[in-house]
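Visitor: I would like a close look at a single part of this model, namely the salt bridges and the elements that carry them. Please take me through that part slowly, and then show me how the surroundings are arranged.

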Amino acid sequence: MRRVLLAERISDDKGERSESVEDQDLKLRTRAVTEGDVTIVGTSVDLSVSGDVDMFVRPKLGKWLEPEGREQWDEIWVTTQDRLSRSEPHFMAFVFWVIKWGKTLIVLDDPSLDLTTPEGRAIAHVKSIGPHKELERIKQRVQDSHDRRRFTNRWTGGIPPFGYRVVHRYEEGKTAAYLELDEDMASELHSMRKEIMGGQTFVGLAKSLNERGVLTARDANRVRKGKPVKARGGDEGTPERWSETSVKNVLTDESSIGLKKHKREIIYGMDGHPIQLAEPVFTADEWESLQAAVKRRTHTKVRRVNGTSPMYGVVHCSQCGSKAVHKVSTLRGVTYRYYQCGAWPKEDRCTGISCRAEAIEEMVEIHFLQKFGNARVTKRVWVPGSDSSKELTDITKRMERLRKQDEEGDWDDDQEGYRFRMNQYKARKRELESKPVVKAGWTEEDQGMTFGELWPKLDLEGKRKQLIESGYKVMVGKKTFAVTPQPDTPEEREAKWESLAPEERERVKAFHTAKASAPLSLTPRA
C-alpha cells in the first residue's frame, strides 16, 4: 500500500482567489478512493498561510517534513502546485529534498509531472514560474493597497498600540479598519504617567503591571481575537511580561497620542500635519511633561537594590569610583554595618576599602544640613511650552526632498500635484515660523519649609533620594572623606550665619551640639 500525505493550504492574502480547504480535501480523497491501493496517513491543513511561506516552517506541513514525520509517508499529494507553494525558489528547493528522500510528489491537475527525469524537473521548474509571478502580483496589489491607505487615518494592520483597539466600519461597500481608544488601557496609561511623574522607576512600574495582570498590547490583541495569551518563545497561556524596556517604549511611543507611524517614523499628510489615527490618550501638555519626566528618569539610573542601603548611589569608593554597597555582619553578638567598595574583589585596582556605615551617614547628614539646612524646599513642576522647531525642521527637509524629486523628473507628469504639495508645505512653514517659541521646562515651586525642617520627617529611602537629587557624591577611602558639592568656605559660612534670624541661630546651635556628643571615626576595618 502507498502511504500518502494530503497537503492542503489556503492563503490569508485577500487578493488570492483560491479553492477552499473543503474543496481541496474532497478532490484529494476522491482521488485516493479511485487509486485503491492508497492509505492516507495524515492531512496537513495550513489555514491562513501565504504561498510565500517556506514549506519547512509551516505550522502543520513543517512537522511532516521533519525526520520523524517523513518516515510515515511515501507520497505527498496536492490539488494544484500553488497549494504547495507559490514561491519558485521554495518549490524547487522542496523538489530537491523530495528526490533526495526518495519520495514522490503528486499534483492532481498536472498528471504529467515527473520528477524522476531531468526533463520532468526542468518542466516543473518552468511551471513554478507562473505561480511565482502571480505571487508577485498579489504582493504588489497588497503593497499598493497599503500605500494608498498610508496617508489616510485608516489602520493598515498589525498589533494596535497600547491604549487602542481595532474597530471595523462599513464604507463604500467595503469593510475598513480604524483605531479607537480602549478605555481600560487609556486609564492604565494615565496611571503609568502619574507614577513616572511621581518618581517611580521603569522597573518598579513593570513589576506593578505584572503583579496586577495588566496585558501587553500584543497579548491584549490576542485575547480580542479569541486566542490565549502567549509570551514570545513561551507556551500558550503564559502571558507576556512587562519589562523596563517595554514600559519605557510604551511611554515614549507617539502612537500613544494617536499619531500614525510607518517604520517607526511619524507620517505627515499633504497639509504638513502628522496624521491622527485616533483620539490621543494624552493632551499635548500631558505628553510633553511625560517625555520630560521619562528623560529625567532615564538619566537617573541610581536606585536602591537588595534591601536597605541608606547611602546607595551616594557613597563611592575613592580608589576605583564604584558605588559602595551596604554590608552587615555580626561578631560576638554585636551587629556592625559597613560601606564597602561594590567592585571589590573583581577590580584588581581596588583593595576593597570599607568604613563604618554610622560614621559615613552621620558625616553626610551633618554636611548636608550645614549646607542646605536653611535653604527652602522646592518641588519640581513642569511648565508646558510651545516649540515648533522640530516640526519646522521636518517640513524643511520634506520640501528639499520634494524639490529633488522634481529635479529628477519624478513629477514631470503631475506638475499640478507637485505645486499643490509644495504650496501646502510652504503654508505650514509660514504658520510655524509665525508662532512664538516658549521653552518648556521644569521650575521649582516653594513647599513652605526649609530642608532642616523637612529632614526629620523623611525615612531612610526619602533621605537617600533627597541626597541624590541634591547632587551629593561621597568619595570614601583609607582615612579620607571627600564630598561633592564642596562645603561653603569660611567666608560663605560667616555671611550665611550673619543672615540668620536669632531663633534660627539657636536652632542650628542646638542641632550641632546634639550631633557633637557622638564621636566620629573613619578608621577602616582591618
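Guide: In this predicted model, the side chains of Glu35 and Arg31 meet in a salt bridge, with an N to O distance of 2.7 Å. Both residues belong to helix H1, where they sit 4 residues apart, about one turn of the helix. Glu35 is partly exposed, at a relative accessibility of 30%, and Arg31 is likewise partly exposed, with a relative accessible area of 28%.

A second pair involves strands. The side chains of Glu75 and Arg2 meet in a salt bridge at 2.9 Å, again taken from N to O. Because Glu75 lies in strand S3 and Arg2 in strand S1, this pair ties together parts that are 73 residues apart in sequence. The surroundings of the two partners can be set side by side: Glu75 is buried, with a relative accessible area of 9%, whereas Arg2 is partly exposed, with a relative accessible area of 23%.

A third pair lies in helix H14, which spans residues 415-434 and holds both Glu431 and Arg428, 3 residues apart, or about one turn of the helix. Their side chains meet in a salt bridge of 3.0 Å, N to O. Here Glu431 is partly exposed, its relative accessible area being 36%, while Arg428 counts as buried at 6% relative accessibility. Turning back to the two earlier pairs, Arg2, Arg31, Glu35, Asp37 and Glu75 are joined into one network by salt bridges that share partners. In total, the structure holds 16 salt bridges.

The network leads on to the sheet. Its 4 strands form an open sheet in the order S2-S1-S3-S4, with parallel pairing. Strand S2, residues 38-46, and strand S4, residues 104-107, stand at the edges with a single partner strand each, so one side of each is left without a neighbour in the sheet. From one strand to the next, the twist averages 25°. Strand S3, which covers residues 75-78, pairs with S4 in the parallel sense over 4 bridges, and Trp77 stands opposite Ile106 in S4. Helix H1, residues 21-35, lies across S1 (2-9), S2, S3 and S4, and runs at about 165° to S1.

Further along the chain, the model has its largest nonpolar core, which counts 32 residues. Those that touch the most other members are Phe162, Leu189, Met192, Ile196, Trp242, Val247 and Leu251. The elements giving two or more residues to this core are strand S6 (174-181), H7, helix H8 (202-211), H9, helix H10 (244-252) and helix H11 (284-299). Among these contributors, H7 supplies the largest share, with 5 residues. Trp242 deserves a separate look: leaving aside residues up to four places away in sequence, Trp242 touches Phe162, Ala206, Leu209, Asn210, Val214, Leu215, Thr216, Val247 and Val250. A second, separate core of 20 residues includes Val314, Ala357, Phe368 and Val476. As background, nonpolar side chains in soluble globular proteins tend to be buried together.

Helix H9, residues 217-224, can be followed on its own account. Since 6 of its 8 residues are buried, H9 is largely enclosed by the rest of the structure. The buried residues are Ala217, Arg218, Asp219, Ala220, Asn221 and Arg222, and they pack against helix H7, which covers residues 183-197. Just after H9, Gly226 takes a positive phi of about 85°.

Finally, the confidence of the prediction should be kept in view. The protein chain averages a pLDDT of 77, and 75% of the residues score at least 70. Over residues 13-17 the pLDDT stays under 50, and for this stretch the model has 9 contacts beyond four places in sequence. Residues 300-308 also have a pLDDT below 50, and that stretch has 17 contacts in the model beyond near neighbours in sequence.

Definitions and conventions:
Residues are numbered from 1 along each chain as its sequence is written. This is a predicted model: local features need pLDDT of at least 70, side-chain atom pairs count only at pLDDT 80 or more; totals for chains, interfaces and linings use all residues. Side-chain values use heavy atoms; hydrogens and water are left out. Two strands pair if DSSP finds at least two bridges between them. Axes are lines fitted to C-alpha atoms, for helices over the stretch in contact, and angles run from 0 to 180 degrees between N-to-C directions. Contact means heavy atoms within 4.5 Å. Buried means under 20% relative accessible area, exposed over 50%, partly exposed in between (1.4 Å probe, protein chains only). A salt bridge is a side-chain nitrogen of Lys or Arg within 4 Å of a carboxyl oxygen of Asp or Glu. pLDDT is the predictor's confidence in each residue, from 0 to 100. A nonpolar core is a set of buried Ala, Val, Leu, Ile, Met, Phe, Trp, Tyr and Cys residues joined through side-chain atoms within 4.5 Å.
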